[in-house]
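Visitor: Could you walk me through this one and explain the labels as we go?
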Amino acid sequence: MNELLFIKENFNVVSISFMRNGEIQKKLYDWYLPYDYLGKIHLHTKATITINGWKKKVFIANLSYHPKAKMLYKPFPLVTSQQPSWQIQLICQLMNYYGIKYDRERMFKGLTTIENRPLRVDVAFQKSNQWHIIEYHGTHHYFKRGCSTKRFQNILRNMEIKRQWCRKNNVRYLEIPFFRQNDIQEMVETFLETPFPEEV
């Protein structure tokens, strides 16, 4: 059995970067991570913390273990976290397993809605100086459930904008529909193993 399984590690240090105007800042800050928070945050996702009564958006950059973490660092002041779906978590876990540095919810120049608002992609990474994008599309990308017709049309339009932008900019693109969610590992691994035409 070659399936990757989620394992709850004994991490007790979380390294975060603050967000400013939607951008992740470079400087890292370490906090003590109580065991109860392990299931509430995930690597390379965003969270909200409180500092001196102010809410701040942060990016979860790293999780690690230190035997004296509780004495060295202040407790992580978590308010809420933005947990991705298990499908996105599995894709990210595969990226980590293969040692690939990636971005979540990344924006690219020129990738915008028809109203000129930035469009974010699920997972983006570079390999051989070539950008690669992986998108997971849940049922709401295919069926109009609990949303207006206009909202559903926007979802469909934005899906097509991303496809066309990738073709135009020579970006490798993998789209995983919900009905292939059981094949995520196989699809991602094939995507990683298949060379870009210029690499052959």
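Guide: Sure, starting with the second largest pocket, which holds about 370 Å³ of space. This is a predicted model, where local features need pLDDT of at least 70, side-chain atom pairs count only at pLDDT 80 or more, and totals for chains, interfaces and linings use all residues. Residues are numbered from 1 along each chain as its sequence is written, and side-chain values use heavy atoms, leaving out hydrogens and water.

Visitor: What makes a set of points a pocket?
Guide: On a 1 Å grid over the protein atoms alone, a pocket is an open set with protein on both sides within 12 Å along at least five of seven lines, and lining residues have an atom within 4 Å of a point. Here the lining has 16 residues, with Leu119, Arg120, His141, Asn158 and Lys162 nearest the centre. Strand S8 (118-127), strand S9 (130-137) and helix H3 (149-168) each give two or more residues to that lining.

Visitor: Why is H2 called oblique to H4?
Guide: The axes of helix H2 (residues 86-97) and helix H4 (residues 184-193) come within 10 Å and cross at roughly 40°. Under 35 degrees counts as roughly parallel, over 145 as roughly antiparallel, 65 to 115 as roughly perpendicular and the rest as oblique. That crossing therefore makes H2 oblique to H4.

Visitor: Which residues in H2 and H4 meet?
Guide: Contact means heavy atoms within 4.5 Å. From H2 come Gln87, Leu90, Ile91, Leu94 and Met95, meeting Ile184, Gln185, Val188, Glu189 and Leu192 in H4.

Visitor: How many helices and strands does the protein chain have?
Guide: There are four helices and ten strands, counted as DSSP runs (H or I, at least four residues, for helices; E, at least two, for strands).

Technical notes:
1 Å grid on protein atoms, 1.4 Å probe; cavity = no way out; pocket = protein on both sides within 12 Å on 5 of 7 lines; lining within 4 Å. Points joined across faces, edges and corners; volume = space filled by probe spheres on them. Axes fitted to C-alpha atoms, helices over the stretch in contact; angles between N-to-C directions.
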